[in-house]
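The following exercises concern a sheet and a ligand site. Each task is followed by a solution in steps.

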Amino acid sequence: MSISKVYDAVLEFDDELVVESVEEEISKGTNISSILNDGLISAMDEVGRLFSEGEFFVPEMLMAAHSMKAGLDVLKPHMSADDNASKGTVVIGSVKGDMHDIGKNLVAMMMEGAGFKVIDIGIDADTDTFLNAAKEHGADVVCMSALLTTTMPAMSEVINKIKEDNLGYKTMVGGAPVTQKFADQIGASGYSEDAAEAVELARKLVK
Ligand code: B1M
């Protein structure tokens, strides 16, 4: 499959080649979600596998993340909404202690593309950062991403505070180790496995 050029370029940490091969696929009319899922995301899964096996270390993960971001920047304009009417406001961030932001950025990008006003509070965001942003921007949904089992409990802290203070924001959780079961346990309004599902869920939650 030609998309393997995108995949290989991420695994070679070759930002220029990633950009070039993503552009090439776009100009050939390849489906954007295929470039994303079969090219960029599956390369990151392979990076994770190699890390688990001790073949890659943190620097390699960082370089691959950099290449993935270069590819996402090329894809971004192709994920844009065709109308400007806001569908609602979401505050999104990676929870306290978590520095992973590629999945979170992807969710943010697709939500923006779907017409939501997206307030991205970045990484390592604590409960107050989520809630201050939600208050300041009149959020409908607070979206939390976690990639580490050790940072997942921070999601529950934010949700508990929203409930304790009757703030009324809907909450969405996601990220590789997060499951529907965990989302139910901590009382999140919803969970989604990937960025496309996250958009669908946000649409339902703001209805
Ligand atoms: Co880290 N890391 N990392 N890492 N890293 C993982 C997550 C890991 C699974 C690797 C492994 O062991 N196989 C492992 C976690 C183990 C665990 O807890 N279960 C791990 C580890 C251990 C670590 C460190 C502790 C390593 C160390 O220092 N010894 C360290 C922790 C730093 C910290 O956060 N405090 C660390 C650091 C890093 C880097 C900084 C080097 C880099 C991140 C760079 C960056 O993000 N800017 C990095 C990377 C790149 C990875 C892997 C390889 C790739 C993650 C990624 O970007 N995937 C990752 C292995 C893997 O996941 N396969 C790994 C692509 C991205 C598109 O997918 O983020 O899952 P993802 O997002 C998906 C869905 O999950 C969903 O949508 C996206 C797809 O459409 N989604 C949501 C995400 N958020 C959502 C929110 C939603 C809904 C859906 O609603 C709100």
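**Exercise 1. Determine how strand β1 is joined to β3, and place both in the sheet.**

Step 1. Strand β1 (residues 89-94) runs parallel to β3, and five bridges join the two. Strands here are DSSP runs (E, at least two residues), numbered from the N terminus, and two strands pair if DSSP finds at least two bridges between them. The model is predicted: local features need pLDDT of at least 70, side-chain atom pairs count only at pLDDT 80 or more, and totals for chains, interfaces and linings use all residues. Residues are numbered from 1 along each chain as its sequence is written, and side-chain values use heavy atoms, with hydrogens and water left out.

Step 2. Within this pairing, Met144 of β3 stands opposite Gly93.

Step 3. On to β4: β3 and β4 are likewise parallel and joined by five bridges, with Gly174 in β4 as the bridge partner of Ser145.

Step 4. The open sheet has five strands in the order β2-β1-β3-β4-β5, with parallel pairing. Its edge strands, each pairing on one side only, are β2 (117-120) and β5 (190-191). Between β1 and β2, which run parallel, there are four bridges; Lys117 in β2 is the bridge partner of Thr89.

**Exercise 2. Establish which residues of β3 are buried on each side.**

Step 1. Buried means under 20% relative accessible area (1.4 Å probe, protein chains only). By this criterion, five of the five residues of β3 are buried.

Step 2. In a regular strand the side chains alternate between the two faces of the sheet.

Step 3. Val141, Cys143 and Ser145 lie on one side of β3 and Val142 and Met144 on the other, and both faces are covered.

**Exercise 3. Describe the shell around the ligand and its polar contacts.**

Step 1. The shell comprises 37 residues, the closest being Ser52, Met99, His100, Asp101 and Ser145; a residue counts if one of its heavy atoms lies within 4 Å of the ligand.

Step 2. By class, the shell holds 21 nonpolar, ten polar and six charged residues. Asp, Glu, Lys and Arg count as charged, Ala, Val, Leu, Ile, Met, Phe, Trp, Tyr, Cys and Pro as nonpolar, and the others, Gly among them, as polar.

Step 3. α3 gives the most to the shell, with seven residues.

Step 4. For the polar contacts (N or O atoms within 3.5 Å), a backbone N or O atom of Met99 lies 2.7 Å from a ligand oxygen atom. A polar side-chain atom of His100 lies 2.8 Å from a ligand nitrogen atom. A backbone N or O atom of Ala176 lies 3.2 Å from a ligand oxygen atom.

Methods. A polar contact is a pair of N or O atoms within 3.5 Å; within protein, one must be able to donate a hydrogen and the other to accept it, and residues adjacent in sequence count only if both atoms are side-chain atoms. Buried means under 20% relative accessible area, exposed over 50%, partly exposed in between (1.4 Å probe, protein chains only).
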